[in-house]
Amino acid sequence: MFDVTKPNRNPTYLFFVLGLRLAKATVECQAVAPGLTIFEGWRHPKRQEWLYAEGRTRPGKIRTQAVAWRSWHQLGLSADVAVKSPEGEWSWDFDTAAVQAIMLENGLERGPKFED
């Protein structure tokens, strides 16, 4: 059984073309964002429901606008990236413009970002 509170970081769950391109791009990104890796890739629909509830029917900040099966994550066609420190801490504080340029060069595109 899976735990809806934990993201899936296994790249083999992604559509194979996305996984290959993302693997190449994250290696290239190490120069501008050391430690950049997959924070979450494929998502079980139950996890998507759990994330959607946050900030709505569960306490917290709204983290997604997509209900289950309305996210590319359920199809293995989306992955979120972040920097993981050697201590295991996650950060989204990196040069996003440089990372996005490298991702675009590798045939990837940026999805929507939801902020306050």
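# Exercises on a predicted model

The buried residues of helix 1 pack against strand 1, strand 2 and helix 3 (96-105). The model is predicted, and the exercises below start from this packing.

**Exercise 1.** Determine whether the end-to-end distance of helix 1 (residues 16-29) agrees with the expected span.

*Solution.* Step 1: helix 1 holds 14 residues, and at 1.5 Å a residue these should span 20 Å. Step 2: the end C-alpha atoms of helix 1 are 20 Å apart, which agrees with the expected span.

**Exercise 2.** Identify the buried residues of helix 1 and state where they lie around the axis.

*Solution.* Step 1: a residue counts as buried when its relative accessible area is under 20%. In helix 1 the buried residues are L18, G19, L22, A25, T26 and C29. Step 2: these residues cover an arc of only 135° around the axis, which puts them on the same side of helix 1. Step 3: a general rule helps here. An α-helix has 3.6 residues a turn, so residues three or four places apart point the same way. Step 4: on the other side of helix 1, the residues F16, L20 and V27 are exposed.

**Exercise 3.** Describe how helix 1 and helix 3 pack, and name the residues in contact.

*Solution.* Step 1: the two helices pack at an angle of about 140°, and their axes are 9 Å apart. Step 2: the crossing of helix 1 and helix 3 is right-handed. Step 3: helix 1 contributes L22, A25, T26, E28 and C29 to the contact, while helix 3 contributes V99, I102 and M103.

**Exercise 4.** Establish the order of the strands in the sheet and explain which strands stand at the edges.

*Solution.* Step 1: the open sheet is formed by 3 strands in the order 1-2-3, with antiparallel pairing. Step 2: strand 1 (36-40) and strand 3 (90-91) each have a single partner strand, so one side of each is left without a neighbour in the sheet; these two strands stand at the edges. Step 3: strand 1 pairs with strand 2 (residues 80-84) over 4 bridges. Within this pairing, E40 stands opposite D80, and T37 has A82 as its bridge partner. Step 4: strand 2 is joined to strand 3 by 2 bridges, and K84 stands opposite W90. Step 5: the hairpin of strand 2 and strand 3 has 5 residues between the strands, and G88 there takes a positive phi near 90°.

**Exercise 5.** State how far strand 1 is covered and which helix 2 residues are buried.

*Solution.* Step 1: strand 1 is mostly covered, since 4 of its 5 residues are buried. Step 2: the buried residues of helix 2 are P45, R47, Q48, L51 and A53, and they pack against strand 1. Step 3: just after helix 2, G55 takes a positive phi of about 85°.

**Exercise 6.** Is W69 buried or exposed? Give its place and the value of its phi as well.

*Solution.* Step 1: W69 lies in the loop between helix 2 (45-53) and strand 2. Step 2: the relative accessibility of W69 is 57%, and exposed means over 50%, so W69 counts as exposed. Step 3: phi of W69 is near 70°, which is a positive value in a residue other than glycine.

Conventions. Residues are numbered from 1 along each chain as its sequence is written. This is a predicted model: local features need pLDDT of at least 70, side-chain atom pairs count only at pLDDT 80 or more; totals for chains, interfaces and linings use all residues. Side-chain values use heavy atoms; hydrogens and water are left out. Two strands pair if DSSP finds at least two bridges between them. The expected span of a helix is 1.5 Å times one less than its number of residues. Buried means under 20% relative accessible area, exposed over 50%, partly exposed in between (1.4 Å probe, protein chains only). The arc is that of the directions from the helix axis to the C-beta atoms. Contact means heavy atoms within 4.5 Å. Axes are lines fitted to C-alpha atoms, for helices over the stretch in contact, and angles run from 0 to 180 degrees between N-to-C directions. A crossing is left-handed if the near helix is turned anticlockwise from the far one by less than a right angle, and right-handed if clockwise.
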